[in-house]
Amino acid sequence: MGRGIFLHGRTVRATLSLAAFFILGCGAVNNPALERARDAYNRARQDREIVGRAAVALDKARLTLERAERVWTEDKDVIEVEHLAYITEKRIEIARATARRRLAADDIQQLNPQRE
Amino acid sequence: MSTTLDTNLTRKRFRGRLIISLIILFVFGNSGCSAGKPPTESLSKAELDLRAASEARADEFAPMDLQSAREKFEASRKAMAAKNYDQARRLAEIAQVEAELAAAKAEAELTRRAAEDLRRRIDSLRGESERGSIPGPSPAAAKE
């Protein structure tokens, strides 16, 4: 009688694990891949070279990120969200490469009169 | 009288259920169709992007990205053949973006090299003209 069901060690542990599972489960509304893509986009958005020289490429990344956010909010489709997050990161890399190319092209334009 | 009422009720219920079933069928059928559509457009776009990347000399300047894009393209074709359309679409979209990245990296590298080349030539021209403007020892002085 002294060993009431709620005081039973195993029951307490099981109840606590269950509670933790639900609390963490409810709290874990973030998708790591989506978080990474969001961080990468925010970093790129603060890069003056990218914003100034590759605005269109960066905008494509933004559109893909928005799609990923929408799919995550509406469907919680992990596979599709991870896919879109990956594409967002690649689009940011494209924006970075585009900015590098434009910078080099500007250098060429500035150097050309010196050659004459 | 009550039999007629019963029959009417049964008919109404049947009609109601039929409508609900049709709606459910329509919704599921439609979602099934959109998910199972062969991604031929994505695959052709990926093929075009791969060709553009090769033309941009990505083989030379971004070989890893190009290789990865090619692998995704092949995997997408295999998934397509196996009628795994969702996977085929995702792989084709990745192939597209990776091919685009390979091209962008190759173009950036080519332009950077061109700028570097130009700078080097200007420096060497400048060096030559500077050497040319400094008067060298006269032939007479050289004889002495």
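The following questions and answers concern chain B of a predicted model and its α2 helix.

Residues are numbered from 1 along each chain as its sequence is written, and chains are lettered from A in the order in which they are written. Because the model is predicted, local features need pLDDT of at least 70 and side-chain atom pairs count only at pLDDT 80 or more, while totals for chains, interfaces and linings use all residues.

User: Why is B:K37 called exposed?
Analyst: A residue is exposed if 12 or fewer other C-beta atoms, placed from the backbone, lie within 10 Å of its own, buried if 20 or more do, and partly exposed in between. B:K37 has 12 such neighbours, so B:K37 counts as exposed. B:K37 lies in the loop between α1 (2-35) and α2 (40-55) of chain B, helices being DSSP runs of H or I with at least four residues, numbered from the N terminus.

User: How do you know that the span of α2(B) is close to the expected one?
Analyst: The expected span is 1.5 Å times one less than the number of residues. For the 16 residues of α2(B) that gives 22 Å, and the helix reaches 23 Å from its first C-alpha to its last.

User: What makes the buried residues of α2(B) line one face?
Analyst: The buried residues are B:S42, B:L43, B:A46, B:D49, B:L50 and B:A53. Seen down the helix axis, they fall within an arc of 120°, so they line one face; the arc is that of the directions from the axis to the C-beta atoms. On the other side, B:E41, B:S44, B:L48, B:R51 and B:E55 are exposed.

Definitions and conventions: Helices (H or I, at least four residues) and strands (E, at least two) are DSSP runs, numbered from the N terminus.
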